[in-house]
Amino acid sequence: MSPVIIVLVSVIYMGILFLIASLVEKGGSFIKRIVHNPITYSLSLAAYCTAWTFYGSVGRAATQGVGYLPIYLGPAIVAPILFVFLRKIILISKNQRITSIADFISSRYGKSSTLGVLVTIIALLGIIPYISIQLKAITLSFEILKSSDVLVDIGSKPFYYDSALYITIALTFFAIIFGTRNLDPNERHDGLVTAVAFESIVKLLAFLAVGIFVTFGIFDGFGDLFQKGSTLPDIERLFSIESVDISEGEWFGLIVISMAAFLFLPRQFHLAVVENTDSRFLSKASWIFPLYLLLINIFVIPIAVGGLYYFQGQNVEPDTFVLTLPLAMDHFRLAMLAALGGFSAASSMVIVAVLALSIMISNNLILPTFLKPRIWKNKNQGNLTSQLLGIRRVAIVVVLLLSYSYYKMIGNTYSLVSIGLISFTAIAQFVPAIIGGIYWKRATKSGAISGLVIGFVIWFITLPFPTLVESGLIKSNVLEQGFFGWPLLKPYALFGLEGLDEIVHSAFWSLLLNLAAFITVSLNSRPSQLEISQADLFVDIYKYRSGGGAEYEVFRRKAKIKDLELLLVRFLGEERTKVIMAKYALKHQLDFSKITTANADLVNYAEKHLTGAIGSASAKVIIRSIAKEEPISLEEMFNILDQTQEIIQYSRALELKSAELEKTTSQLRQANKQLKALDELKADFITTVTHELRTPITSIKALSKILQDNADLPESQQQEFLDIIVKESERITRLINQVLDLEKVQVKSPEDNQSVIDLASLVQQTLDGLQGVLEEKNVERQISLPEQPIWVKGNSDQLTQVIVNLLSNAVKFANPENGKLWIRLASKAEHAVLEIEDNGKGIPKKDKDLIFERFTQLNDQQLGKPKGSGLGLFICKTIIEQHQGQIFLGKSREKGANFVVQLPLTTSPFQTSKNEKKRVNNKNNSDP
Amino acid sequence: MQKGTTKSRVLIVDDEPNILVALEFLLNKEGYEVLKASNGLQALEIIEKQPPRIVVLDVMMPEMDGFEVARKIREEENNQDIHIIFLTAKGTDADRFEGYANGGEVYLTKPFDNEDFITTVNEVIEFGV
């Protein structure tokens, strides 16, 4: 057959696929409804059946009989259980916006980027051989078609003649077009899924066509086929389970790894979980998919038997029977259809697999490992979607090139099935971490990592490593000697376990130790807070499902809405960001123009959407960068500074206010205290006044009664008593006068009766008036008065009263032994300063502030009984203050009290008022 | 004791000389021998030398108030027979109580009624209260 035709047909086929895909992606709701339905979904899952199924099943059946079955029986038999797992995994993934198997595991264990990397690497190493056999299958079919020779050797050509290379390039191109046209936050590719579903139909039809052709075209139905086939030597072993050289344990092992592969192969996970649009599809898929497996396996044994019978004695590779049988019968169109079937099986697998791997590589390897989160905040980056797509495209190319290299090195040494199973076993390592992760809360990150690492290492030394040795790429004798020369570490007979199929052997040890490590380490390690909450979310997904998970906050993070939006725009694009934010605003009745800070819920919401685009670990890192640090742009900085400034000002104002308040409070407290003290003083004063009044009254009353009762008293005695009565009456009058004075002084306006007075002569006059009292008390006086007049403005009566009061006090409190007084008057600056000082005991410090208050009496008992009203100094103070002056205690030369009076000087030298009244008629006046 | 005799000695203590004048006159007229003191210390001195039957005590006095004087009087074994009459301007119930607590037997307030005063003194002398 002309290679041009083959290429042309292939290109047309690809064109059809591409057409389907783009129609679907551009399509309206009608097409979407067709696409989003359980049948399409189930058919897309049939990407499980690859070229390996298409060609390899027949090959395995031809060599091992029913031994090919477990790979398909596994998923088919346990489909109900699988779909229970799948349902839970889908719900979790929707909830967490998980986009790959690596993301799933990493997310479950506290969004661990380590696990993301580990799973990606295992998947990558596991899948590359798998992709390589697809390349091999396509290349083989191409070569067979081209040469129309059933005995082609595809292994020995230089690469530029190698059709496998060109096929690889074509597939790369195809995968890039399909998988990385745009960046969908949910990694949904409806077009691709539909194309894959279509391919499933093509490969099924092609296989059925070949089967029918072999059974009914070459042979005369099943009866004829098996009758002729039974003449073949050793044929029984193909038809009976007992006779097949597969133990029960091996059956079980194969079923288990097949189940694991069905669920967790990155492409299966992608199609079944990520591309799933409705978890309700699962119930239909749970019977459509097994039905599909059944249909595609019906003719495996007939074709195998037919091939074996037909090609008796020829060295035809059983893996190629599907193609070579039609060719041998010269049915080129059928052969072409078969080849297309094989191509669709291979291409759907390759495209979805590399897409899934590229998502894992970009989200779990590149983003968190090589790129610092800071880059995403760089202003110049703009929209990052194109960069992400670029990363994925490069990843696709790299994966396919690696697969091609593997194919070139190893591909020809092993059958399709063997290599496929190597991949399956690698993928099966995910089982403990995932199944444990969704049903066992106690499972920890450390447990998952330990299990995966140990399982992976065992897998590597028991499967890929020996293949490398056997193919001669590595020179080693470990296959015979064991690692480090220990027979217990022979790759095919680990710990002395011999006689098992190498796949089952590897699966047994790797999974057993994986599981053991997973459980043991989980039980002995402590999960982080995030792990605990993620474990909760995963295991109890049905509980959190209704809440959408968003209300289940792990961290109370805050970020600026602007930043969040910026971030979302960079990874999701402007339009989608708008939609996402609007949705949130609508749901929570928020107006983003009015708020600047995103609460934890919104941050989580944004993270989930970002997770869709770049994976949970990367999203966590990037969100953390804005949720923690402040943005670095100048504009943002200024905004923050402004806000900070405002806050600082506000807090300063607050501080001021509170200081004021404190001050007011303390003033109030002070006032209250003073009021209380005043109250007490008042009570004391009343007692004092009462006593002071009672005392003279007592004498007056008693003596007047005596006079009344004793009319016969001698004149002198009568006179004596009368004198006392008069004096005591005066005493009462004086007391009353002072109380009235006080009232007067306080009520009177200071302007009344004011004139310009010479203070010097006023002091002199007052001293003259008190001459008698001073002589009597025998107090030494030192008087210093200026010669020129000192003019002050004031009421001379009141000022005289002040001087009298102060002088009486000084006389009273002066040292009783050798009393001394200093009286000085001078003008200093703009004040007249009068000082009256005694040499008594002075005023105790505690009383210094009190003595000018009303009702205060100095109760110094040593100085004898105070005989005042407690009003004297208070009256002085009131008068002086009304004269705009001050009265206070000054420094004294001895211990005594020095009262200082300051009065403002006045410049007008008016005549002194002559009519100064002196209140010196009361000798006993000594009010402090 | 008979009126008119000078056997009954009364000590009057007050810092107001004019009150002492009145009290002295009233007591003399009743025939009591009157001793005078203008403060507590002086009163205690006198009591030691010439123990009276009655002490009439003012309360508000400088240096030592009447309550203290009464206490000091009662501290002495020999002074238990002395009657103490407070005569004071302090007239609250609390003051009265303090007076009795400190050994006073009668509590009179100023200003007093001459007859009441004399009657009280006589009664104290006669019945000892």
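**Exercise 1. Determine which strand of chain A pairs with β6(A), in which sense and over how many bridges, and follow the sheet outward from there.**

Solution. Strand β8 (residues 820–828) of chain A is the partner of β6(A), and the two run in the parallel sense over five bridges; strands pair here if DSSP finds at least two bridges between them. Helices (H or I, at least four residues) and strands (E, at least two) are DSSP runs, numbered from the N terminus. As for individual bridges, A:Glu780 has A:Lys820 as its bridge partner in β8(A), and A:Ser784 has A:Arg824 in that strand.

The next step is the whole sheet, an open one of five strands in the order β6-β8-β9-β11-β10 (chain A), with mixed pairing. Because β6 and β10 (886–889) of chain A each have a single partner strand, they stand at the edges, and one side of each is left without a neighbour in the sheet. From one strand to the next the twist averages 15 degrees. Helix α34 (residues 759–769) of chain A packs on this sheet, where it touches β6, β8, β9 (831–838) and β11 (898–904) of chain A, and its direction makes about 165 degrees with that of β8(A); contact means C-beta atoms, placed from the backbone, within 7 Å, while axes are lines fitted to C-alpha atoms, for helices over the stretch in contact, and angles run from 0 to 180 degrees between N-to-C directions.

The model is a predicted one, in which local features need pLDDT of at least 70 and side-chain atom pairs count only at pLDDT 80 or more, whereas totals for chains, interfaces and linings use all residues. Residues are numbered from 1 along each chain as its sequence is written, and chains are lettered from A and ligands numbered from 1 in the order in which they are written.

**Exercise 2. Decide whether strand β6 (residues 780–784) of chain A lies in the open or not, and whether β4(B) is enclosed or not.**

Solution. A residue is called buried if 20 or more other C-beta atoms lie within 10 Å of its own, exposed if 12 or fewer, and partly exposed in between, with C-beta atoms placed from the backbone. Of the five residues of β6(A), the number buried is zero, so this strand lies largely in the open. In β4(B), by contrast, five of the six residues are buried, so β4(B) is largely enclosed by the rest of the structure.

The setting of β4(B) is an open sheet of five strands in the order β2-β1-β3-β4-β5 (chain B), with parallel pairing. Its edge strands are β2 (33–37) and β5 (106–109) of chain B, each of which pairs on one side only. Neighbouring strands are turned against each other by 20 degrees on average, direction ignored. Between strand β3 (residues 54–57) and strand β4 (residues 83–88) of chain B there are four bridges in the parallel sense, and B:Ile54 has B:His83 as its bridge partner in β4(B).

**Exercise 3. Locate the buried side of helix α2 (residues 40–49) of chain B and identify what covers it.**

Solution. The buried residues of α2(B) include B:Gly40, B:Ala43, B:Leu44 and B:Ile47. They cover an arc of only 95 degrees around the axis, which puts them on the same side of α2(B); the arc is that of the directions from the helix axis to the C-beta atoms. An α-helix has 3.6 residues a turn, so residues three or four places apart point the same way. The face of α2(B) turned away from the buried side carries the exposed residues B:Glu45 and B:Lys49. Among the elements covering the buried residues of α2(B) are β1 (9–13), β2, β3 and α3 (66–75) of chain B.

**Exercise 4. State how far the pLDDT of chain A supports a detailed reading.**

Solution. The mean pLDDT, the predictor's confidence in each residue from 0 to 100, is 78 for chain A, and 80% of its residues reach 70 or more. Over residues 546–555 of chain A the pLDDT is below 50, although this stretch has 17 contacts in the model beyond near neighbours in sequence. Residues 628–638 of chain A are also below 50, with seven such contacts. Where pLDDT is low, the predicted coordinates should not be read in detail.

Terms used: Contact = placed C-beta atoms within 7 Å.
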